[in-house]
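Colleague: I would like to learn how to read a protein model, feature by feature. Could you take me through one slowly?

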Amino acid sequence: TIENRAAVGKAIPDDVLAELKSCHVILKGPTTTPQGGTGAKELESANVAMRRELDLFANVRPVSIPAEGIDWTFFRENTEGEYVLGSRGVEIPDTLAFDFKVTTNEGTKRIARAAFEYAKNNGKTNVAIVTKANIMKKTDGKFSELCHEVAKDYPGITAEDWYIDIMTANLVNERVRSNFQVILLPNLYGDIISDLCAGLVGGLGFAPSANIGDKTRIYEAVHGSAPDIAGQNKANPSAILMAFAMMLNDLGMTDKAEKLNAAILAQVAEGKVVTADIGGTAGTKEFTQAVIARL
């Protein structure tokens with residue numbers, strides 16, 4: 001809890017971190033990060049700390065709308081960029097403040113290889129590399145250059161450069177968005193743009209993700225915590241259930257994953273027992289029980 005973390009002054013208390021490190025596969029709920037400038041005790045994001053401590057370098061977020069020809073998989077670099085140093089920027093009171101952005105060769109090459117390996121293993125022929133390399137010439141320029149270097153090892157896959165602003169427009173453009181397959185991005189851009197895409201599939205309540213490292217995988221909903229409705233039986237549980245389905249699929253239980261996703265989508269399509277964010281009046285528990293009944 002935020003109270004536990006604030007009491008010990010750590011993003012992840014030592015005993016919790018030890019427990020996490022003892023596991024290889026983890027299903028994780030959302031956590032709260034105190035907002036800067038509010039007077040709250042400053043703590044690093046628990047998510048950012050987990051990604052660093054467990055070296056979860058790839059954040060994988062699928063977005064699928066078959067009826068609209070959309071089948072995207074986002075590969076967001078998960079440990080560098082603007083997040084790597086967290087709140088340890090520099091502020092000159094009443095004058096200016098600045099934070100840091102970090103891009104390393106190793107960090108970029110391994111997220112690029114993960115994206116291209118996924119494309120190769122899943123019959124994809126196109127990887128879109130998304131940066132703002134025309135402005136951020138050092139960091140984003142390096143990211144693009146290294147991704148193209150990795151792409152040379154995958155001759156059957158086309159690597160294309162896109163700027164983040166144009167890509168944002170393209171993903172909501174019905175004429176062109178079905179052309180995209182695998183989308184490879186630095187940390188901050190991946191965070192923002194995949195939330196935009198979650199809106200296309202009905203909101204963050206339907207957006208699962210996986211944080212992947214060499215030894216550990218954490219599955220979670222894309223959305224953060226919602227303290228304003230905590231304990232009120234209002235939240236849409238679909239994203240965490242779909243993250244669980246991603247976990248089942250990666251563990252080889254593909255039939256169970258397919259059944260769970262199908263039950264969630266069928267319940268939403270029926271529209272009778274659904275949560276308020278998608279136009280219903282049911283609570284979290286009622287929606288979950290309805291999904292279980294379908295299983």
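**Reading helices, a patch and salt bridges**

Modeller: Let us begin with helix H5, residues 139-151, which has 13 residues and reaches 18 Å from its first C-alpha to its last, close to the 18 Å expected at 1.5 Å a residue. Please keep in mind throughout that this is a predicted model.

Colleague: Which residues of H5 are buried?

Modeller: A residue counts as buried when its relative accessible area is under 20%. In H5 this holds for Thr139, Asp140, Gly141, Phe143, Ser144, Leu146, Cys147, Val150 and Ala151. These buried residues pack against strands E3 (70-77), E6 (126-131), E7 (158-163) and E8 (182-185), and also against helices H4 (105-121) and H7 (187-200).

Colleague: Why do residues three or four places apart in a helix point the same way?

Modeller: The reason is that an α-helix has 3.6 residues a turn. Helix H6, residues 164-171, is a good case to look at, for its buried residues are Ile164, Met167, Asn170 and Leu171. They cover an arc of only 120° around the axis, and therefore they lie on the same side of H6. The buried residues of H6 pack against E3, E6, E7, E8 and H7.

Colleague: Asparagine 170 is found in that helix; what does it touch, leaving out residues up to four places away in sequence?

Modeller: Asparagine 170 touches Trp162, Val176, Arg177 and Phe180. It counts as buried because its relative accessibility is 12%.

Colleague: Now to the surface: which residues make the nonpolar patch?

Modeller: The patch is made by Val90, Ile92, Leu96, Phe98 and Phe100, and its area is about 400 Å². Strand E4 (90-92) and strand E5 (96-98) each supply at least two of its residues. Phenylalanine 100, for its part, is placed in the loop between E5 and H4, and it counts as partly exposed because its relative accessibility is 33%.

Colleague: How many salt bridges does a search of the whole structure find?

Modeller: The search finds 17 salt bridges, and for each one you can ask which atoms meet and where the two partners sit. In one of them, lysine 21 pairs with glutamate 53, and their closest N and O atoms are 3.5 Å apart. This pair links distant parts of the chain, with lysine 21 in helix H2 (residues 14-21) and glutamate 53 in helix H3 (residues 46-53), 32 residues apart. Lysine 21 is partly exposed, at 48% relative accessibility, and glutamate 53 is also partly exposed, with a relative accessible area of 36%.

Colleague: Is the salt-bridge partner glutamate 220 buried or exposed?

Modeller: Glutamate 220 is buried, because its relative accessible area is 4%, and lysine 28 counts as buried too, at 8% relative accessibility. Glutamate 220 forms a salt bridge with lysine 28, with the closest N and O atoms 2.9 Å apart. Since glutamate 220 lies in strand E10 (residues 217-221) and lysine 28 in strand E1 (residues 25-28), the pair ties together parts that are 192 residues apart in sequence.

Colleague: Where are lysine 101 and glutamate 82, which also meet in a salt bridge?

Modeller: Their side chains meet at 3.4 Å, N to O. The pair links distant parts of the chain, with lysine 101 in the loop between E5 and H4 and glutamate 82 in the loop between E3 and E4, 19 residues apart. Lysine 101 counts as buried at 18% relative accessibility, whereas glutamate 82 is partly exposed, with a relative accessible area of 26%. Finally, salt bridges that share partners join Lys28, Arg51 and Glu220 into one network.

Terms used. Residues are numbered from 1 along each chain as its sequence is written. This is a predicted model: local features need pLDDT of at least 70, side-chain atom pairs count only at pLDDT 80 or more; totals for chains, interfaces and linings use all residues. Side-chain values use heavy atoms; hydrogens and water are left out. Helices (H or I, at least four residues) and strands (E, at least two) are DSSP runs, numbered from the N terminus. The expected span of a helix is 1.5 Å times one less than its number of residues. Buried means under 20% relative accessible area, exposed over 50%, partly exposed in between (1.4 Å probe, protein chains only). Contact means heavy atoms within 4.5 Å. Patches are made of residues with over 30% relative accessible area and no salt bridge: like charges are joined within 9 Å, nonpolar side chains (Val, Leu, Ile, Met, Phe, Trp, Tyr) within 5 Å. Accessible areas come from the Shrake-Rupley method with a 1.4 Å probe; for residues, only the protein chains shown count as cover. A salt bridge is a side-chain nitrogen of Lys or Arg within 4 Å of a carboxyl oxygen of Asp or Glu. The arc is that of the directions from the helix axis to the C-beta atoms.
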